[in-house]
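This report walks through a protein model with a ligand. Look at the structure first, then read the sections in order.

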Amino acid sequence: MPEKVIIIGSGPAAWTAAVYSARASLEPLVFEGAVTEENRLASTLPLGQLALTTEVENFPGFPAGDLSGFLDSAIDEKRRVTMAPHNKEGVSGPELVELMRQQAVNFGTRIITEDVVDVDFDKRPFRLTASDEKVHESHAVIVATGARANYLGLPSEEKYKNRGVSACAVCDGALPRFRNRPLAVVGGGDSAVEEADYLSKFASTVYMIHRRDELRASKIMAQRAMNNPKIEILWNRTLAEVLGDEQNGVTGVRLSGTAGEAEMIKEVSGVFLAIGHTPNIAFLKGKLELTEKKYIRRTAPARTYTSVEGVFAAGDVADDYYRQAITAAGSGCMAALDAERWLAARVGG
Ligand code: NAP
């Protein structure tokens, strides 16, 4: 029997879509992604980008404060990460997304911890191939695979990934190799400031390497960088090469100037990339129309429809603009409602 709806992804969009479709008796099946080294390096492990952030202060319903009662029922105390090292109460990104997952499970959502590696949207029901090579059929599909952090694509960056080069300060920043050492963050947006600010808790100095003479970050975040005595912004600079050796991994960075400045070398033991994101669409292999920026194109205003009827898109995989946990969750709800109505009208489901 084909599934009524398969949801691909495991961030706020996917779990919200699961909660809503489960409560609408669509018995959703979620592919949350596989736990592999490849996914770890690409920052595409289950639970998505929210699992790679620190405390979340802007998700309505989760103010800073004592949430232990809610957390007790969903997450084993040993696995909680909220408080350290901030010594402050409130929900963390990983906890928030685990709570969402648990909420979906409580309503009967089934989960497969594999990637979807291929889709056939030409036939109905649709056919999805998972990374364990099993094929699943479904009348409707919700794509909520999110986006991943970008790298510059330098050979030296690739060489030292995992040995000082990272795109996730929260995942890697507390490692001993980064403690009391100078570190570099590449980028000038909110993520770069967030990463630099976080790393400044461990590092001796954090160099923010930005290719212009003005930050893209919001005013409040930019001010946070300026006010932090451990953050030094290196304006008009790009990363030309990550320097290092076999024994120590990253030992420095070679920086070019973008406004005629001479090259510069800085000694650092870590390089964190914060230069934007790319949507996770490779498995679609061109079966859905994309926007110019390669995000899934939605085909009707204020709907989650895609170029294939019965396939819906939610969250960052179709959003290059808002990219917030709450907007992703909202669009996951919309996708579930769109799928439910579409199924009722077309498949009698
Ligand atoms: P972003 O706003 O797109 O910023 C990317 C930064 O990387 C820009 O400064 C950009 O430089 C730089 N960059 C891009 N490609 C580069 C390259 N090839 N070489 C060198 N530099 C490069 O991305 P983001 O910071 O990840 O933020 C994404 C969204 O999430 C935004 O809407 C942001 O507000 C939101 N966000 C919010 C928070 C928060 O409020 N706490 C935290 C994180 C993210 P240019 O400026 O020169 O283009």
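The sections below cover the ligand, its surroundings, the aromatic rings and one loop residue.

## The model and the ligand site

The structure is a predicted model. The ligand is surrounded by 18 residues, and D190, S191, R211, R212 and R216 come nearest to it. Sorted by class, this shell holds four nonpolar, eight polar and six charged residues.

Which helix gives the largest share of the shell around the ligand? It is helix 7, residues 190-199, which supplies three residues. On the scale of domains, the shell draws residues from both domain 1 (3-149 + 277-346) and domain 2 (155-273), so the ligand lies between the two.

## Contacts with the ligand

Three contacts can be described atom by atom. An N or O atom in the side chain of R212 lies 2.7 Å from an oxygen atom of the ligand. The side chain of E194 has an N or O atom 3.3 Å from a nitrogen atom of the ligand. In G189 the contact comes from the backbone, where an N or O atom is 3.3 Å from an oxygen atom of the ligand.

How much of the ligand's area does the protein bury? Taken alone, the ligand exposes 920 Å², and the protein buries 75% of that.

## Aromatic pairs

A pair of aromatic rings is described by two values, the distance of the centres and the angle of the planes. The whole structure contains seven aromatic pairs. One of them joins F59 and F62, with 6.0 Å from centre to centre and 65 degrees between the planes. This pair counts as edge-to-face because its angle is over 60 degrees.

Is F59 buried or exposed? F59 has a relative accessible area of 12%, and it is buried because this value is under 20%.

Y321 and Y322 form another edge-to-face pair, at 4.8 Å centre to centre and with 85 degrees between the planes. Both Y321 and Y322 are exposed. Elsewhere, ring pairs link Y305, F312 and W342 into a cluster.

## A threonine in a loop

Where is T306 found? T306 sits in the loop between strand 18 (277-279) and strand 19 (311-313). The relative accessibility of T306 is 5%, so this residue counts as buried, the cut-off being under 20%.

The side chain of T306 also makes a contact with V311: it reaches the backbone oxygen of V311 at 2.8 Å. V311 lies in strand 19 (311-313), one of the two strands that border the loop of T306.

Technical notes
Residues are numbered from 1 along each chain as its sequence is written. This is a predicted model: local features need pLDDT of at least 70, side-chain atom pairs count only at pLDDT 80 or more; totals for chains, interfaces and linings use all residues. Side-chain values use heavy atoms; hydrogens and water are left out. A residue is near a molecule or strand if one of its heavy atoms lies within 4 Å of it. A polar contact is a pair of N or O atoms within 3.5 Å; within protein, one must be able to donate a hydrogen and the other to accept it, and residues adjacent in sequence count only if both atoms are side-chain atoms. Accessible areas come from the Shrake-Rupley method with a 1.4 Å probe; for residues, only the protein chains shown count as cover. Helices (H or I, at least four residues) and strands (E, at least two) are DSSP runs, numbered from the N terminus. Ala, Val, Leu, Ile, Met, Phe, Trp, Tyr, Cys and Pro count as nonpolar, Asp, Glu, Lys and Arg as charged, and the others, Gly among them, as polar. Domain bounds come from an automatic or database domain assignment. Rings of Phe, Tyr and Trp (its six-membered ring) pair if their centres lie within 6.5 Å; planes under 30 degrees apart count as stacked, over 60 as edge-to-face and the rest as tilted. Buried means under 20% relative accessible area, exposed over 50%, partly exposed in between (1.4 Å probe, protein chains only).
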